[in-house]
Amino acid sequence: WKATRVLAGIELPSGEGAVDPKLLEAAQKRKDKVEEFPVRFIRNGDRVVADREFNAEQEELSVNKQTVDAQWRASNPNVLTLTYPTGGVTEVKVTKRSVTMADDARGVEFSEYSRVAAADLGGVPEIGAKWVRGKFRLEEGDSKALGIVLEYVLPGDRPDPKYATMKLKYRISLSKDGD
């Protein structure tokens with residue numbers, strides 16, 4: 001599959017002073033730009049799940065132009081660890097997840113809350129969090145899915161979205177390779 005994503009909106013619900021300036025600058029540079037990268041889904045028992053290892057590596061390569069080493073296992077799907085060329089490490093640990101399929105099985109809604117720990121080489125980890133919500137619907141047979149994803153960047157000590165320092169809104173389409 002190919003993901004085509006546009007960062008369509010940036011909100012700063014807690015004010016500009018509450019957000020990490022580097023994070024805000026990076027988001028502003030990406031706003032309204034089309035990002036494309038391959039994504040993959042795999043079977044995990046009787047379910048199909050996103051291959052987070054492959055997807056994270058491809059997204060970093062396409063969006064941030066860097067090769068990362070991602071570690072993730074379908075048998076322990078809640079932990080994704082990224083090691084950057086600088087030696088920095090980010091661990092994303094999903095602590096709450098919900099998925100709801102539409103009655104006609106052509107749509108899905110999901111929500112994930114994750115703790116995010118990031119550290120430069122030899123540094124003390126900074127703890128934060130993110131909450132990601134999304135909706136996708138199959139279109140054009142089964143060859144394309146259209147969706148909207150909201151990502152709330154949260155301070156580590158306040159996991160409620162009302163304390164978000166930044167809210168990002170993405171428009172995403174997923175299309176089968178070659179379509």
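## Hairpin of strands 9 and 10

In the hairpin of strand 9 and strand 10, 4 residues lie between the strands, and E140 takes a positive phi near 50°. The model described here is predicted. Strand 9 covers residues 126–139 and strand 10 covers 144–155. The two pair in the antiparallel sense, over 12 bridges. G128 stands opposite P155 of strand 10.

Strand 10 also pairs with strand 11. These two run antiparallel and are joined by 10 bridges. V153 has M166 of strand 11 as its bridge partner.

## The nine-stranded sheet

These strands belong to an open sheet of 9 strands. The order is 2-1-11-10-9-8-7-6-5, and the pairing is antiparallel. Strand 2 (34–38) and strand 5 (69–73) stand at the edges. Each has a single partner strand, so one side of each is left without a neighbour in the sheet. On average, neighbouring strands are turned by 20° against each other, direction ignored.

Strand 1 runs antiparallel to strand 11, with 9 bridges joining them. Within this pair, V6 stands opposite R171 of strand 11.

## Helices on the sheet

Helix 1 packs on the sheet. It touches strand 1, strand 2, strand 10 and strand 11. The direction of helix 1 makes about 120° with that of strand 1.

Helix 2 spans residues 52–63. It lies across strand 1, strand 2, strand 5, strand 6 (76–83), strand 7 (89–101) and strand 8 (107–119). Helix 2 runs at about 140° to strand 2.

## Nonpolar cores

Which residues of the largest nonpolar core touch the most other members? They are F136, V149, M166, L168, Y170, I172 and L174, out of 18 residues in this core. Two or more residues each come from strand 1 (2–11), helix 1 (21–30), strand 9, strand 10 and strand 11 (166–175). Strand 11 gives the most, with 5 residues.

L168 shows how these elements meet. Leaving aside neighbours within four places in sequence, L168 is in contact with L7, G9, I10, A27, V149, L150 and E151. Another core, of 8 residues, lies apart from the largest one. Its members include A70, W72, L80 and L82.

## A second hairpin

Strand 3 (residues 41–44) and strand 4 (residues 47–50) run antiparallel and are joined by 4 bridges. They form a hairpin with 2 residues between them. N44 stands opposite R47 of strand 4. In the turn, G45 has a positive phi of about 70°.

## Positive phi in loops

Most residues other than glycine have a negative phi. Two loop residues deserve a look on this point. K65 has a phi near 55°, a positive value in a residue other than glycine. K65 sits in the loop between helix 2 and strand 5. Is K65 buried or exposed? With a relative accessible area of 67%, K65 is exposed.

A105 is not a glycine either, yet its phi is positive, at about 60°. A105 is found in the loop between strand 7 and strand 8. At 49% relative accessibility, A105 counts as partly exposed; the cut-off for exposed is over 50%.

How values were computed:
Residues are numbered from 1 along each chain as its sequence is written. This is a predicted model: local features need pLDDT of at least 70, side-chain atom pairs count only at pLDDT 80 or more; totals for chains, interfaces and linings use all residues. Side-chain values use heavy atoms; hydrogens and water are left out. Two strands pair if DSSP finds at least two bridges between them. A nonpolar core is a set of buried Ala, Val, Leu, Ile, Met, Phe, Trp, Tyr and Cys residues joined through side-chain atoms within 4.5 Å. Buried means under 20% relative accessible area, exposed over 50%, partly exposed in between (1.4 Å probe, protein chains only). Contact means heavy atoms within 4.5 Å. Axes are lines fitted to C-alpha atoms, for helices over the stretch in contact, and angles run from 0 to 180 degrees between N-to-C directions.
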